[in-house]
Amino acid sequence: MLYELNVETFQDGNGDGIGDFPGLTARVPYLVDLGVNAVWLQPFYPSPRRDHGYDVTDYKRVDPRFGTLEDFDAFVAAAHDAGIRVLLDVPFNHTSDRHPWFQAARRDPSSPYHAYYVWADTPPEPRSPYLVFPGFQTSNWSYDDASGRYYFHTFYDFMPDLDISNGAVRAEILDVARFWTRRGIDGFRLDALPYLVVDRSRKERLAHPHAFLKEFRAAVTELRPDAALLAEVDKAPDEMRPFFGDGDEMHLLLNFYLDNHLFLGLADERAEPIARAWSELPPIPRGTNWANFLRNHDELSLAQLTSEERTRVFAAFAPDASMRAYERGIRRRLAPMLRGDERRVRQAFSLLFSLPGTPVVFYGDEIGLGDRLDLPERDAVRTPMQWTAERGAGFTDAAPVRPFPSGAYSSVYVNVDAQRRDPASLLNFVRDVIRVYRSHSACGRGKFEPHDVGDPHVLAHEVRDGEDVVYALHNLAGTSREVTFEQSSDARVVLADADTRVVAPGRVALAPRGFVWWAAPSHSTEEAS
């Protein structure tokens, strides 16, 4: 189970209003208590932070706002002592325009650093092939006064793309990967991976782009054989599959396709989109897996849905235009997106953990953290963690650099301390789900098989890994449903919402948004993925 967090917004350790590594280290016991066995750290490198740290100026240092390399080392040591692996998010597709490489490239077109980036004397296309941030960028090419040339940027104009076809750039990337691996980390999350090897006009930047991904994997695993590589690949199923290679490229791919259809199923209150999406995922090599998630630090991308399907999801979860981002997604946290209905939030977590793969939880979603729609773009979902009801929410003694959610989602009502003490809280429910998940190998590595129970509102499925099997029912409707669902004779209920009842052998009365899991205790295992 992977927990995504941002050092900047997790815990302030020195009272300056900004999260840091000493603060994060102090919260390792919380991660252990929740059941986390791996963390994904968003970028913490020196940066102007115009894009939340994805605009890097130095890949081998810690931004002084977050501490020192020694503070980083102390966190990694504490995490490892607690049995928690550490993955670093590294955006290799681009740098900040303030990176020394780009500054040298601008000053001198004959500099070797000029060739680190993608340049043109005139933009080669009359219009941009694809705008990642429509409304915020009008072209993928920007003019640089210092050099008198245009440079290419997949994302914002202050994040020029690196030219992966340059062998020196590839060597720099491998050098950064080795630097952090030698420092003890357990793997990487690779940002925007398709754009690293293929440009926006769909032309390959490398003659054999996947050869470099294999080289990257080999460089990391040579130093750390059990390292894990997680990648962002928001593509259709057939376009995702190549990034696993033959089991020698990525270990995990974020499962955007399933996530899109999971929210379509929740919006339509139908099981079919979820079951269909799973059936459309390709077989993957042994030793690889899908990283399933509900939300993350970006917008909820709906790029894998049709226009009509996307409209239905918008109507259900982002009815106001201010809740949407870039014409393709929703810039809301999980709880407010589900209108604060804790039954729906619990069911969403139950769905996530009952499907095969490695679940990814975005920090704060386990307590129903809110968002701030008055913040620009994706910053709406990047508010600080709320630990207590006190001023500063237990995150800081100072005024936080980023504001907290307000109203029903303020720290007065939503915080870790209160939920820890409430046995019926969302936090304690998520802990229970994680405990059950980690007790069954089928949840992490099992084969998904849907069952037809004669009700389109009910997702019935099993996941099986050898003798270990977990069965689950989820009622996606806002009304009660009663269905017949047979399991093995020794299966017992291991998780359920408070109002769902097994009324007779094989007969289940599901509450609105209700769910129930069964498993055979004799087949349980020590640990899932």
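Helices (H or I, at least four residues) and strands (E, at least two) are DSSP runs here, numbered from the N terminus. By that count, the protein chain has 17 helices and 22 strands. Its radius of gyration, taken over C-alpha atoms, is 23 Å, close to the 24 Å given for 529 residues by the globule rule (2.2 Å times the number of residues to the power 0.38), so the chain is as compact as a globular protein of that length.

A word on the model before going inside: it is a predicted one, where local features need pLDDT of at least 70 and side-chain atom pairs count only at pLDDT 80 or more, while totals for chains, interfaces and linings use all residues. Residues are numbered from 1 along each chain as its sequence is written, and side-chain values use heavy atoms, with hydrogens and water left out.

Now let's look inside. Buried residues (under 20% relative accessible area with a 1.4 Å probe, protein chains only) make up 61% of the 529 residues. The largest nonpolar core, a set of buried Ala, Val, Leu, Ile, Met, Phe, Trp, Tyr and Cys residues joined through side-chain atoms within 4.5 Å, has 134 residues. Tyr3, Tyr30, Leu41, Leu88 and Phe188 touch the most other members. Helix H16 (residues 426-438) supplies the largest share of this core, eight residues. Apart from it lies another core of 13 residues, including Val458 and Leu510.

Leu88 makes a good stopping point. Beyond its neighbours within four places in sequence, Leu88 is in contact (heavy atoms within 4.5 Å) with residues including Leu41, Phe72, Trp180 and Phe188.

Technical notes:
Buried < 20%, exposed > 50% of the residue type's maximum accessible area, 1.4 Å probe, protein only.
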